[in-house]
Each structure stands twice: as C-alpha cells, then as structure tokens.
Amino acid sequence: MSSVDLQTIESLQTFDNFEFLARQIVEGFITGLHRSPFHGFSVEFAEHRQYNSGESTKNIDWKLFAKTDKLFTKRFEEETNLRCQLVIDTSSSMLFPFQEKSIYNKLAFSLYSSAALIHLLRKQRDAVGLSFISDKIDLHTPARLSDSHAQMLYAELNNCLQASFKQDSFQKNTSLSKTLNQLAETIHKRSLVIIFSDLYQSEKYNELFDALQHLKYNKNEIILFHVTEPNREEHFEFENRPTELSDMETGEILKINPNSIRSAYYQNIEKINADIVSTCHKFQIDYIKADINKGFDQILTGYLIKRDKLM
C-alpha cells in the first residue's frame, strides 16, 4: 500500500513541513486502498450533506442540484461527524532508538502518524484535538474543525519534534495513569481517543487500565497504539558482548551480557505484552501494536476500521 515510512520521511529532510508529509502519507494510503480489502471505506472530504425534508432551503447547493438532480446542503465550519482526541506520550523512552538529529524513533513515528490522522480526519469532516503527555499534561487542545486549528496542530507536532533533538529531552518521565485520568476530566463530549505510547511506566499496569476505564466511563471510544521497535525491545537483538543500557527516563545505567539474560527477557516481555492485550480485550479497548519499522498504513487502517464501526 503506501510506501511512505520514517526512513522515507528522513530522506526528504523536510522535518518542519508536517502538513505536506501528512498529505503524502494519506494520498499514498488511499491509492493503496483501491487494491486492498479495505477499498469500501469512505475517506473523501464531506463538503455537503443530504438535504432533510423540512429544513430551510437557504443552504441548498443549487449548482450541485443542477448536476445531480439531488438536494444537498453545504456544511458549516462547526458541523462535524466525529470528535477525535489524539494523545501522544512524549516521555524520554519514546526517543528510542536514539540517534542524534535523527527522526528514526518511536516519538517521531507517533508525531507523523498523528499528522496523517489529522489530515484524514479533516477529509472526513471530523474534529480533532491534540494532547501531549509525560509525567504531566504538556499540551491539550480541544477538538475543532477549522483550518486555523489544523495549522496550529501541525505547528505543535513540529515543535515537539524539534524539542526532542535538545539535550534536556532526556530524563522526562512517564505517568500515564495520572495524565490519562486528568484528560478524562477535560474531554467533555463523547470522543474517539487515540493514544500513542510505548506503555513504559513506573506505575503498575492495573493503574494504567483504571485510567483507561475512566476514559471509557465517559462514553469515549479508545484506540491504543502500542508503539514499539521490536528488533531490540522484543527480540533483544544486541551483540553478544558486555553492553551498557541506559534508562532514558531515569538515567540509570545497567551493565549486561545479552546472551545471559535473553531467554528470561523473552519470557518477561511476552508475558507483559500478553497481559496488556488480554486486558484491553476485556475492557473493549482497541489495541494495535504499532511497529515503527512497518510504515503508517497500520495506523490509518486501524483508525478506519474503528471509525467504520462507530458510524
């Protein structure tokens, strides 16, 4: 389907043009839809809606009536089909795998995925808001539909990416349960909440799922994108030599011999991931593993499947 991935974006060296790159990602994806099992999904921009009997006729598009012999009214700026809140974990662990001035990491993948979703949401006349979370809510904008709001969201995504290149971006901790509970209190209208996180946190996972339940209690729907770089985070692909690992959030250094702990690591990480998947299923939270090596189609497809169920 779409050929756009993080490596492609990095080669373009246009880090500050999120809107352009979002359009490229979505257009490539839509082209691929026509050759995929998902070709039935509607991703076109809804400029009109069908006229309902008894409505005022002042907003009917008579030019469109002349072409189609059907009555449609023009949508107003505030009209929306769906409200969506994009929530991005911006803690330091999301900078893995870190290379100086490189966008090849989990955070950049989440930021560009969100930019593509903003473009796709707006094509479908859906309102979108944006939240950045770490150990606190760093940014929260409510869902809106206007062009100026979209431009502000793209600018915030770019600002977050540029800030990630700075030295003080490290040792930025995660508190997902606290921040998601706070967000649940700020999202007052039923929304689709899309979360990007690697789910690394100091709290127990039951506290995280309590917070997700808080979001669900307010009648929101949730997609949880578990952002991973599985080659090293799951398959533990490190050379068999003494290795120093640094905790990107606490700065703690751990000296290991990869071969001596690989088997135990596999077992632990598989159990953690299995528990996350089963708990999401139990609470009816859409869980999608997002591999940063596999491009953005997995994100857009996951969103469209969910949206199709909601509409």
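How much space lies in the largest cavity? About 30 Å³ lies there, and we will come back to its walls after a look at the whole chain. Please keep in mind throughout that this is a predicted model.

**The chain as a whole**

The chain is built with ten helices and ten strands. Of its 311 residues, 50% are buried. Among contacts with a separation of 6 or more, 76% join residues that are 24 or more positions apart. A good example of such distant partners comes up below, in helix α4.

**The cavity and its surroundings**

The count of cavities of 30 Å³ or more comes to one. Its lining consists of Leu95, Phe98, Gln99, Lys101, Ser102, Asn105, Ser164 and Phe165. Sorted by class, that lining has three nonpolar, four polar and one charged residues.

Some of these residues have further roles in the picture. Asn105 sits at the start of α4, where one of its side-chain oxygens reaches to within 3.1 Å of the backbone nitrogen of Leu107. Ser164 is one of the buried residues of α5. The loop between β3 and α4 also holds Pro97, and the peptide bond from Phe96 to Pro97 is cis, with omega near -5°.

**Two helices, α4 and α5**

Helix α4 covers residues 106–123, and its 18 residues should span 26 Å at 1.5 Å a residue; the end C-alpha atoms are indeed 26 Å apart. Is this helix enclosed or open to the outside? It is largely enclosed by the rest of the structure, because 18 of its 18 residues are buried.

Ser113 is a helpful residue to click on within α4. Its relative accessibility is 1%, so Ser113 counts as buried. Beyond its neighbours within four places in sequence, Ser113 is in contact with Phe196, Phe296 and Ile299. The C-alpha atoms of Ser113 and Gly295 are 9.0 Å apart, although 182 residues separate the two along the chain. After α4 comes Arg125, with a positive phi near 60°.

Helix α5, residues 147–164, has 18 residues too, and from first C-alpha to last it reaches 26 Å, close to the 26 Å expected. Its buried residues are His149, Ala150, Leu153, Tyr154, Leu157, Asn158, Cys160, Leu161 and Ser164. An α-helix has 3.6 residues a turn, so residues three or four places apart point the same way. What do the buried residues of α5 pack against? Their partners are α2 (18–33), β3 (83–89), α4, β4 (127–133) and β5 (137–144).

**Thr179 in helix α6**

Moving along the chain, Thr179 is placed in helix α6, which runs over residues 176–186. At 0% relative accessibility, Thr179 counts as buried, since the cut-off for that label is under 20%. Its side chain reaches the backbone oxygen of Ser175 at 2.9 Å. Leaving out residues up to four places away in sequence, Thr179 touches Ile133, Ser134, Asp135, Lys136 and Ile137.

**Two loop residues with positive phi**

Leu199 and Phe236 each have a positive phi in a residue other than glycine; here they are side by side.

| Residue | Phi | Loop | Relative accessible area |
|---|---|---|---|
| Leu199 | near 65° | between β6 (192–197) and α7 (205–217) | 2%, buried |
| Phe236 | near 55° | between α8 and β8 | 4%, buried |

**The largest pocket**

The largest pocket holds about 1100 Å³ of space. It is lined by 37 residues, and those closest to its centre are Tyr200, Leu245, Ser246, Asp247 and Tyr265. Which elements each supply at least two residues of this lining? They are β7 (221–228), α8 (230–233), β8 (243–246), β9 (253–256) and α9 (258–282). The most comes from α9, which gives seven residues. In chemical terms, the lining of the largest pocket divides into 16 nonpolar, twelve polar and nine charged residues.

Conventions:
Residues numbered from 1 in each chain as written. Predicted model: local features only at pLDDT ≥ 70, side-chain atom pairs only at ≥ 80, totals over all residues. Heavy atoms only, no water. Buried < 20%, exposed > 50% of the residue type's maximum accessible area, 1.4 Å probe, protein only. Polar contact = N/O pair within 3.5 Å; in protein donor to acceptor, adjacent residues only side chain to side chain. Contact = heavy atoms within 4.5 Å. 1 Å grid on protein atoms, 1.4 Å probe; cavity = no way out; pocket = protein on both sides within 12 Å on 5 of 7 lines; lining within 4 Å. Points joined across faces, edges and corners; volume = space filled by probe spheres on them. Nonpolar A, V, L, I, M, F, W, Y, C, P; charged D, E, K, R; others polar. Expected span 1.5 Å × (residues − 1).
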